[in-house]
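Grab a pencil and work through these exercises with the structure open beside you. Try each task before you peek at the solution.

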Amino acid sequence: MAGLTVTVCLSPEAADDIDGALTAALAPFDQDSDNPVDRGMWDSRRIRGGSNGQGFAVVRGYEDDPRLVHDEPTYDGLPAPSAPGVCAGGPRGLLDFSRPQAASERVVAASWDLWQQLSAVHPPALPLSFFEDRWEKDPHAFPGGPWADGMLAAYRAQPLINAYIHHPWSLDLGYPDSPLHAEHPIIGFRGSRADYIRKLSRVPWETDVLTVDGWWRESDGSALHAYCDPDSCPHEPPGPTVWPGSETYLSQLPHDTILVRVHCHC
């Protein structure tokens with residue numbers, strides 16, 4: 001699915017109705033309305049970031065704060081719980097910007113722990129290479145070739161694999177029907193939990209940012225104003241004193257500013 005992630009900045013007053021505030025803030029950029037074509041940035045959206053490491057680390061001690069914002073269900077209605085110590089948004093003061101990779105590290109840790117928990121209750125799974133070898137020895141074992149639905153279905157039908165890859169904390173990594181036909185890196189990983197976290201964690205991607213005053217700033221620093229036709233906007237966007245670098249910008253906002261990661265289809 002083609003898309004982008006935007007961090008929507010909301011005023012403190014939005015705390016009582018986050019969804020309503022998001023709807024109002026994003027409406028001027030909706031492709032499926034009568035907005036100017038060049039201002040259309042999305043046609044569907046959902047709050048996302050707590051379950052996949054692209055959200056925010058939570059300041060220690062505030063993990064259960066009700067003011068935090070968490071992921072909406074997936075497009076097929078499945079729940080997407082935040083990994084421990086991670087969220088999709090909340091008041092800036094509850095979000096930990098001290099270490100850029102903290103959210104990613106916590107979700108990668110959750111993916112490791114999930115594999116250990118599931119491995120304790122499910123039979124061991126055969127690796128993807130077993131199914132590849134079977135096809136090479138018997139081309140009729142999986143009609144249609146090594147990457148046809150039959151082979152992948154057989155691999156995914158294993159209880160451990162099925163339970164893991166369909167959980168949001170598996171990070172969408174290594175689905176065997178991906179273009180690279182790669183197996184999830186945790187399967188067969190020989191190092192320690194710390195090694196795994198160190199290998200897979202990443203600093204956050206730069207997101208677009210929708211400011212409180214209605215500027216949609218793209219990650220390259222260009223900006224669109226919510227209330228103007230892009231071809232005739234008379235306003236000057238706020239100076240990009242720390243742009244590119246949206247995380248730095250966000251970290252400097254007032255503590256009561258509400259930040260929400262939103263994944264947009266476009």
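**Exercise 1. Find the residue in β4 that stands opposite Ala-57, then work out the sheet around this spot.**

Step 1. Ala-57 faces Val-86 of β4. Before going on, note that this is a predicted model, where local features need pLDDT of at least 70, side-chain atom pairs count only at pLDDT 80 or more, and totals for chains, interfaces and linings use all residues. Residues are numbered from 1 along each chain as its sequence is written, and side-chain values use heavy atoms, with hydrogens and water left out.

Step 2. Count the bridges: β3 and β4 are joined by 2 and run antiparallel. Two strands pair if DSSP finds at least two bridges between them. The strands themselves (E, at least two residues) and the helices (H or I, at least four) are DSSP runs, numbered from the N terminus.

Step 3. Put the strands in order: this open sheet of 3 strands reads β4-β3-β6, with antiparallel pairing. Its edge strands, β4 (86-87) and β6, each pair on one side only.

**Exercise 2. Describe the surroundings of strand β1 (residues 3-10): is it enclosed, and which strands does it meet?**

Step 1. Check burial, where buried means under 20% relative accessible area, exposed over 50%, and partly exposed in between (1.4 Å probe, protein chains only). In β1, 7 of the 8 residues are buried, so the strand is largely enclosed by the rest of the structure.

Step 2. Look at the partners. β1 runs antiparallel to β10 (residues 258-265), with 8 bridges joining them, and parallel to β7, with 3 bridges.

Step 3. Zoom in on Val-8. It stands opposite Val-260 in β10 and opposite Leu-210 in β7.

**Exercise 3. Decide how the rings of Phe-56 and Phe-97 are arranged, and what the pair links.**

Step 1. Recall the rule: rings of Phe, Tyr and Trp (its six-membered ring) pair if their centres lie within 6.5 Å, and planes under 30 degrees apart count as stacked, over 60 as edge-to-face and the rest as tilted. The structure holds 9 such aromatic pairs.

Step 2. Apply it: the centres of Phe-56 and Phe-97 are 5.9 Å apart and the planes are at 65 degrees, so this pair is edge-to-face.

Step 3. Place the partners. Phe-56 is in strand β3 (residues 56-58) and Phe-97 in the loop between β6 (95-96) and α2 (102-119), so the pair ties together parts 41 residues apart in sequence.

Step 4. Compare exposure: Phe-56 is buried at 3% relative accessible area, while Phe-97 is partly exposed at 22%.

Step 5. Look for a charge too. The charged end of Arg-261 sits over the ring of Phe-56, 4.1 Å from its centre; the rule here asks for NZ of Lys or CZ of Arg within 6 Å of the ring centre and within 35 degrees of the ring normal. Arg-46 does likewise with Tyr-75, at 5.1 Å from the ring centre.

**Exercise 4. Find the residues that touch the most other members of the largest nonpolar core.**

Step 1. Define the core: a set of buried Ala, Val, Leu, Ile, Met, Phe, Trp, Tyr and Cys residues joined through side-chain atoms within 4.5 Å.

Step 2. Name the hubs. This core has 31 residues, and Trp-115, Tyr-164, Ile-186 and Tyr-196 touch the most other members.

Step 3. Trace the elements. Those giving two or more residues are α2, α3, α4, α5 (159-165) and α6, with the largest share, 10 residues, coming from α2.

Step 4. Follow Trp-115, taking contact as heavy atoms within 4.5 Å. Leaving aside neighbours within four places in sequence, Trp-115 is in contact with Leu-160, Ile-161, Tyr-164, Ile-186 and Ile-187. Another core, of 23 residues, lies apart from this one and includes Leu-4, Trp-42, Leu-210 and Cys-264.

**Exercise 5. Count the disulfides and check Cys-9 and Cys-266.**

Step 1. Use the cut-off: a disulfide is a pair of cysteine sulfur atoms within 2.5 Å. By this rule, the count is 0.

Step 2. Test Cys-9: its nearest cysteine sulfur, in Cys-264, is 13 Å away. Cys-9 is buried, at 4% relative accessible area.

Step 3. Test Cys-266: its sulfur is 7.4 Å from that of Cys-264, the closest one, which is too far for a bond. Cys-266 is partly exposed, at 35%.
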